[in-house]
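Me: I am new to this structure and would be grateful for a close look at a single part of it. Please take one loop and explain how it sits within the whole.

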Amino acid sequence: MTVDRELLDILETFAASDWDELAVPARQFLEGKVPAAALREAILRAQAACGTCGCALDALYPRALMLLEGFGQLCDKTGT
């Protein structure tokens, strides 16, 4: 699985969740409506609020942040 595909899979999982605080920013990012920095902040808030509750999303927060960091660096270099 490529990094891009893995990140998309995680973000699609977030977008499909019933938790609007995470689902809405994930959907907006996938639609190109918010920058990576806004999504990163939403993930950090979600992780702080619920990162150890034992749900399936717990393991995805740190991985998404790591993958998103690389994505953000790529965007910075390309100006996108």
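**The loop around D58**

Reply: D58 is found in the loop between helix 3 and helix 4. The model is a predicted one, and its chain contains four helices and zero strands, giving the pattern α-α-α-α along the sequence.

D58 itself is buried yet takes part in no salt bridge. The nearest side chain of opposite charge belongs to R45, 15 Å away, and a salt bridge would require the two charged groups to be within 4 Å. What D58 does have is a polar partner in the backbone: a polar atom of its side chain lies 3.0 Å from the backbone nitrogen of C53. Leaving out residues up to four places away in sequence, D58 touches C50, G51, T52 and C53.

Two of the residues just named are cysteines, which raises the matter of disulfides. A search of the whole structure finds zero of them. C53 is in no disulfide, and the nearest cysteine sulfur, that of C50, is 3.1 Å away. A disulfide is counted only when the two sulfur atoms are within 2.5 Å. C55 is likewise unbonded, because its sulfur is 3.5 Å from the closest cysteine sulfur, in C53, which is too far for a bond. As for burial, C53 counts as partly exposed because its relative accessibility is 48%. C55 also counts as partly exposed, with a relative accessibility of 30%. D58, by contrast, is buried.

The helices on either side of this loop also belong to a wider assembly. The largest nonpolar core has 19 residues, and helix 1 (3-16), helix 2 (20-30), helix 3 (36-50) and helix 4 (60-78) each give two or more residues to this core. Among the residues with the most contacts inside it are F14, I43, Y61 and L68. I43 shows how these parts meet: apart from neighbours within four places in sequence, I43 is in contact with F14, L22, Y61, A64, L65 and L68. In general, nonpolar side chains of soluble globular proteins tend to be buried together.

Helix 2 adds to the buried part with L22, A23, P25, A26 and F29. After helix 2 comes G32, whose phi is positive, near 75 degrees.

For the chain as a whole, 35% of the 80 residues count as buried. Among contacts between residues at least 6 apart in sequence, 47% join residues at least 24 apart.

Terms used. Residues are numbered from 1 along each chain as its sequence is written. This is a predicted model: local features need pLDDT of at least 70, side-chain atom pairs count only at pLDDT 80 or more; totals for chains, interfaces and linings use all residues. Side-chain values use heavy atoms; hydrogens and water are left out. Buried means under 20% relative accessible area, exposed over 50%, partly exposed in between (1.4 Å probe, protein chains only). A nonpolar core is a set of buried Ala, Val, Leu, Ile, Met, Phe, Trp, Tyr and Cys residues joined through side-chain atoms within 4.5 Å. Contact means heavy atoms within 4.5 Å. Lys and Arg count as positive and Asp and Glu as negative; His and the chain ends are not counted. A polar contact is a pair of N or O atoms within 3.5 Å; within protein, one must be able to donate a hydrogen and the other to accept it, and residues adjacent in sequence count only if both atoms are side-chain atoms.
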